[in-house]
Structure formats: structure tokens, C-alpha cells
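Visitor: I would like to learn how to read a fold, one feature at a time. Could you walk me through one?

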Amino acid sequence: MPAPWRTIPIALVWRSTAETALSWSARTRLEDFRLESVALANTLASLLVRAAPTGNVESLTQSIEGWARHRITESQATVYVLQRNALSPVASSGNRPIDAADQTAFEALRRRSTEVRLLRGDDPGWRVLVPLGVRPYGVLDVRVSTRRLQDWARLERQRAYFLALISALMVALGVAVLTARWVGQPLAEIGRAMAG
């Protein structure tokens, strides 16, 4: 039977392999969520610009409300309109309180380009800010939660560690059986021959 310390490197190899695979998988899924969030924000921005090409607040509100009825539950959209050199929230989907526009929203408006940020912490997700209008009159702020992705990663990690432990134990058992058979039997015969 091999010493217990010999199975430790096997377990570490399995664990590091599982951790690497999980890390790649999580990174790929996070990137997929980013691409989906950007596509969602661009589609909604096109809808809003068609409904309110000059920034009509009533049209924007109706469009957001219509979208909110058919949206995925892990997303929220807020429309900010430029009024007196400030971005004011005029429409939002979801139950969360509307945050005031921050520097990132002003950057998206100033640069006239889409800004994408990964949010961490208690409410993880992707945040996509898209300027609205040909001559931008406002900014669409779309947030897509990645909490479900984190939950999946946690469950996958638990499953992978359990499978890695089972695999390491099976390899250790296989090594013990092979060692006993291929090394133990010849040593036993040598011992008997020396004793006789």
C-alpha cells in the first residue's frame, strides 16, 4: 500500500486541472454574457431612437415600459436625457431605485461611443452605456446581472472538486493494487527464498 503522502500530488494535480478548466469556462461564459449584454443594449437603443429620435420623454417612457414587459428578468434599463448640462433619469425598467448618472454615462455621451463595464460586488453584472440619437440627446444604461453565472460557477466548482477527489482516490487505489501485485509478490517470493 503506498504511503498516504503519495496520493497528495495526485489530488493536487486533479484539483489544479479542475480549477484551470473552471477558470476557462467561467471566462468564456462571462465573455458570452458581455456580448449578449452589448447586443441587448444596442437593440434597445435602436428601438428608443426610432421611437424618440429627438429625445421625447413620453415616447422614451412608453418604449421602456413596453420593453420591460418582454425583457429577461436579469436586466434593467435606464434612460438619461441631457437637460441643462446634466443627465436626468427619465425612464427605467425594473424595481430598483434609479441611480443618478455617473461619470461613465457622461463619458459615453461625450465620446459618442458605447461603454462596457464589468460590475463586481453584491450586484455583479455587465453595464453597457449607449449614447442615444444621431446628435446624442441622452444615454441608455443597461445592466445585465451575472449572479446566475456566479452561482453556476460555484456549483461547478463543488462538483469538480468532488469528482477530483473521487478520481484521486481511484488512482491511489489502482497504484496500491498494482504495487502490491507487481512489487509485493516478487518481494514476498524473494523473502521466502531468503528465509528458506
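Guide: Gladly; we will go through the sheet, a hairpin, a helix, the cores and an exposed residue. Please keep in mind that this is a predicted model.

Visitor: Let's begin with the sheet. In what order do the strands lie?

Guide: As a general idea, strands of a sheet pair through backbone hydrogen bonds, either parallel or antiparallel. Here 5 strands form an open sheet in the order E2-E1-E5-E4-E3, with antiparallel pairing. E2 and E3 are the edge strands, each pairing on one side only. From one strand to the next, the twist averages 25°.

Visitor: How many bridges join E3 and E4?

Guide: E3 and E4 pair over 5 bridges, in the antiparallel sense. To follow the register, look at Arg117, whose bridge partner in E4 is Arg127, and at Leu119, which stands opposite Gly125 of E4. The two strands form a hairpin with 5 residues between them. In its turn, Gly121 has a positive phi of about 100°.

Visitor: Now a helix. Which residues of H3 are buried?

Guide: The general idea first: an α-helix has 3.6 residues a turn, so residues three or four places apart point the same way. In H3 (residues 103-111), the buried residues are Thr104, Ala105, Glu107, Ala108 and Leu109. They pack against the strands E1 (75-83), E2 (86-92), E3 (115-119), E4 (125-132) and E5 (138-145). Right after H3 comes Arg112, which has a positive phi near 60°.

Visitor: And the nonpolar core: which residues have the most contacts inside it?

Guide: The largest nonpolar core has 20 residues, and Leu44, Leu48, Val79 and Leu140 have the most contacts inside it. H1 (7-51), H2, E1, E4 and E5 each give two or more residues to this core, and H1 gives the most, with 5 residues. Take Leu140 as an example: beyond its neighbours within four places in sequence, its contacts include Ala41, Leu44, Ala45, Leu48, Val79, Val128 and Val130. A second, separate core has 8 residues, among them Tyr80, Leu87, Leu129 and Val139.

Visitor: One last residue, Glu58. Is Glu58 buried or exposed?

Guide: Compare its relative accessible area with the cut-off: exposed means over 50%. Glu58 has a relative accessible area of 56%, so Glu58 is exposed. Glu58 belongs to helix H2 (residues 57-70). The C-alpha atom of Glu58 is separated by 8.8 Å from that of Ala91, a residue 33 residues apart from Glu58 along the chain.

Methods
Residues numbered from 1 in each chain as written. Predicted model: local features only at pLDDT ≥ 70, side-chain atom pairs only at ≥ 80, totals over all residues. Heavy atoms only, no water. Helix = DSSP H or I, 4+ residues; strand = E, 2+ residues; numbered from the N terminus. Buried < 20%, exposed > 50% of the residue type's maximum accessible area, 1.4 Å probe, protein only. Contact = heavy atoms within 4.5 Å. Core = buried A, V, L, I, M, F, W, Y, C linked by side-chain atoms within 4.5 Å. Pairing = 2+ DSSP bridges. Axes fitted to C-alpha atoms, helices over the stretch in contact; angles between N-to-C directions.
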